Amino acid sequence: MEVETAIRSRRTHKAFRPLPLPRDQVDQLLELARWAPNHNLTNPWRFRVLGPRALERLKLAAGPESAPKLDRAPTLVVCSCVVSGDPVQDEEDLHATACAAYIVLLAAHGRGLAGYWRTPEVLRTDAGRAAVGLGEGERFVSLIHLGEPVQERPAPARAPAPETATYLD
Ligand SMILES: Cc1cc2nc3c(=O)[nH]c(=O)nc-3n(C[C@H](O)[C@H](O)[C@H](O)COP(=O)(O)O)c2cc1C
């Protein structure tokens with residue numbers, strides 16, 4: 001898929017077919033993620049692909065009301081950012097990790113797959129973080145949902161570029 005088409009047509013999907021992505025396909029997406037720009041080449045992103053036991057632990061931590069939402073996608077990847085303690089580096093590393101997460105979504109879309117950047121409350125709790133092995137030295141960024149799409153998604157309205165861009169003299 002041509003890159004501009006991919007950028008415009010990628011959508012957030014909340015419904016997926018049940019088949020998990022094969023491991024080699026996940027590997028390909030995560031290999032692409034490492035090409036994200038990152039200052040000083042800190043490679044700050046970390047990805048954890050959830051297996052069935054990790055998913056059960058996370059659902060337990062989420063509680064009965066929120067747990068069913070964790071079953072929406074057949075493949076879930078926790079994306080986090082390593083924290084160094086240096087405020088400038090941490091800020092830049094967080095941005096770089098967001099770029100890496102976006103690469104995963106864009107590359108999945110380019111392969112005809114569906115994706116969803118989700119930030120569920122459970123991954124802001126100690127129990128949820130422990131369920132997926134997030135230590136104090138990592139900041140949660142995204143629970144990336146991946147799978148085959150069920151349907152096309154309409155594009156939400158976007159602010160026109162001139163509203164968010166200024167040319168300074
Ligand atoms: C940092 C970040 C966090 C997000 N967290 C959520 C979320 O928790 N729940 C949700 O429904 N969408 C979440 N989204 C997805 C946005 O809602 C979505 O990108 C937006 O509605 C635009 O739709 P599109 O991705 O189809 O263009 C998140 C996106 C980003 C970048």
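A polar contact is a pair of N or O atoms within 3.5 Å, and this cut-off is the one to keep in mind when reading the distances around the ligand in this predicted model.

**The ligand and its surroundings**

In the model, a polar side-chain atom of Arg-11 lies 2.8 Å from an oxygen atom of the ligand, and side-chain N or O atoms of Arg-10 and Lys-14 likewise approach a ligand oxygen, at the distances listed here.

| Residue | Distance from a side-chain N or O atom to a ligand oxygen atom |
|---|---|
| Arg-10 | 2.9 Å |
| Arg-11 | 2.8 Å |
| Lys-14 | 2.5 Å |

Taken alone, the ligand exposes 620 Å², and the protein buries 59% of that area. The residues that surround the ligand are Arg-10, Arg-11, Thr-12, Lys-14, Tyr-116, Trp-117, Arg-118, Thr-119, Pro-156 and Arg-158, and, sorted by class, this shell holds 5 charged, 3 nonpolar and 2 polar residues.

**The sheet**

The model also contains an open sheet of 4 strands, which follow the order 1-2-4-3 and pair in antiparallel fashion. Strand 1 (45-49) and strand 3 (114-118) stand at the edges with a single partner strand each, so one side of each is left without a neighbour in the sheet. On average, and with direction ignored, neighbouring strands of this sheet are turned by 25 degrees against each other.

Strand 3 is joined by 5 bridges to strand 4 (residues 138-147), and the two run antiparallel. Trp-117, which is one of the residues surrounding the ligand, stands opposite Ile-144 in strand 4. Helix 2 (residues 23-33) packs on the sheet, where it touches strand 1, strand 2 (75-82) and strand 4, and the direction of this helix makes about 170 degrees with that of strand 1.

**Phe-47 in strand 1**

Phe-47 has its place in strand 1. Leaving aside residues up to four places away in sequence, Phe-47 touches Leu-30, Ala-33, Val-77, Val-78, Cys-79, Ala-100, Val-104 and Ile-144. By contrast, Asp-169 stands 122 residues from Phe-47 along the chain, and the C-alpha atoms of these two residues are separated by 42 Å.

Conventions:
Residues are numbered from 1 along each chain as its sequence is written. This is a predicted model: local features need pLDDT of at least 70, side-chain atom pairs count only at pLDDT 80 or more; totals for chains, interfaces and linings use all residues. Side-chain values use heavy atoms; hydrogens and water are left out. A residue is near a molecule or strand if one of its heavy atoms lies within 4 Å of it. A polar contact is a pair of N or O atoms within 3.5 Å; within protein, one must be able to donate a hydrogen and the other to accept it, and residues adjacent in sequence count only if both atoms are side-chain atoms. Accessible areas come from the Shrake-Rupley method with a 1.4 Å probe; for residues, only the protein chains shown count as cover. Ala, Val, Leu, Ile, Met, Phe, Trp, Tyr, Cys and Pro count as nonpolar, Asp, Glu, Lys and Arg as charged, and the others, Gly among them, as polar. Two strands pair if DSSP finds at least two bridges between them. Axes are lines fitted to C-alpha atoms, for helices over the stretch in contact, and angles run from 0 to 180 degrees between N-to-C directions. Contact means heavy atoms within 4.5 Å.
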